[in-house]
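I opened this entry to look up aromatic contacts, one helix and one pocket, and I am keeping to what I could read from the model itself.

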Amino acid sequence: MKNIYKLVFFFSLIALVSSCKSSKSIVSNDGSVVAKTHDQVVKDVLSAETDYKTISGKIALEMISGSKESGMKVNSQLKIVRDEIIQLSIRAPFINSEVFRLSITPDSVYVIDRLSKKYAVENIKDLEQERGIQFNYNNLQALFTDALFIPGKSKVGGADYNLYDITMNGGKYHLETKDKAGLLYRFVIDPNDRVSETHITARDGKYSLRWIYRDFVKESASLYPTTMEANVDFNKKKVKLIMSNSGLDFDKELTVDNSLPAKYTRVSVSDILKNYIK
């Protein structure tokens, strides 16, 4: 159960990417992709990715458990420094005070629960060592920023193109690859060469993630989603996370506080998550 919660933690941190300041023009992803060679499909997806150094701003987050149709909505503050840290600070309504913080670095995960006065620090590599899953910080960052990735690798290079099996279905390209534990990663590509869905499925079917990007807008040279939805299914438990943009900035100078409270009780990540994932 501890390992399941760790996996879900990584898959559930989806409130961390969407868009820029305002919707300049809405872009339709209807239609059908054009015929391309295997390598050209991958190259075009990589070329369409949003280029950034930092992402920051406000997002609205809603978590829905089980068969419920709606859940609690909260405001959050997002900060991403590329290849360094992803941080989400959940704020209390009206008073705008931090009640929960998630910080992820290439090495570790930090969780602060100010309501219970507890915190947790765990090594990201424990997930791979304990479960054999090739899923690292760079893969998580790619999920947050609507990007293609190879499990366990820091980026997709030319030598990795043949690791994808590519098919066309429903007017979209489907790129599939696996990690050494047998997890299947499938990326659905829309006619704009953007990832519209990412699916991660365990071989035994005990857990899966369907991560959907939608409501794309174009501003200047950037094309990006303003709404994201993740459907997580693990051990017959279901969690849906919906995020919408409240005004984000690209490439703004950021100061990220990753300090830990000295007087809080240290516990495990799963101990904290149990209070929020029923």
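I began with F187, which is buried, its relative accessible area being 0%; I note here that the model is a predicted one. Next I looked up Y164, also buried, at a relative accessible area of 1%.

I then turned to the aromatic pairs, of which the structure holds six. For F135 and F149 I found ring centres 6.2 Å apart and planes at 80°, and because planes over 60 degrees apart count as edge-to-face, I entered the pair as such. F135 lies in the loop between α3 and α4 and F149 in the loop between α4 and β8, so this pair ties together parts that are 14 residues apart in sequence. Both F135 and F149 are buried. The rings of Y164 and F187, with centres 6.3 Å apart and planes at 80°, are likewise edge-to-face. That pair links Y164, in the loop between α4 and β8, with F187 in strand β10, 23 residues apart. I recorded F135, F149, Y164, Y185 and F187 as one aromatic cluster.

Helix α4 came next: seven of its eight residues are buried, so the helix is largely enclosed by the rest of the structure. At its N-terminal end I found N136 as the cap, with a side-chain oxygen 3.1 Å from the backbone nitrogen of N138, while D146, which follows α4, has a positive phi near 55°.

Last, I looked up the second largest pocket, which holds about 340 Å³ of space. Its lining has 19 residues, and those closest to the centre are E49, R82, L148, S154 and K155. Helix α4 gives the most to this lining, with four residues. I also noted that the charged end of R82 sits over the ring of Y52, 4.5 Å from its centre.

Terms used: Residues are numbered from 1 along each chain as its sequence is written. This is a predicted model: local features need pLDDT of at least 70, side-chain atom pairs count only at pLDDT 80 or more; totals for chains, interfaces and linings use all residues. Side-chain values use heavy atoms; hydrogens and water are left out. On a 1 Å grid over the protein atoms alone, a cavity is a set of points where a 1.4 Å probe fits but cannot get out, and a pocket is an open set with protein on both sides within 12 Å along at least five of seven lines; lining residues have an atom within 4 Å of a point. Grid points are joined across faces, edges and corners, and a volume is the space filled by probe spheres set on the points. Helices (H or I, at least four residues) and strands (E, at least two) are DSSP runs, numbered from the N terminus. Buried means under 20% relative accessible area, exposed over 50%, partly exposed in between (1.4 Å probe, protein chains only). A polar contact is a pair of N or O atoms within 3.5 Å; within protein, one must be able to donate a hydrogen and the other to accept it, and residues adjacent in sequence count only if both atoms are side-chain atoms. Rings of Phe, Tyr and Trp (its six-membered ring) pair if their centres lie within 6.5 Å; planes under 30 degrees apart count as stacked, over 60 as edge-to-face and the rest as tilted. A charge sits over a ring if NZ of Lys or CZ of Arg is within 6 Å of the ring centre and within 35 degrees of the ring normal.
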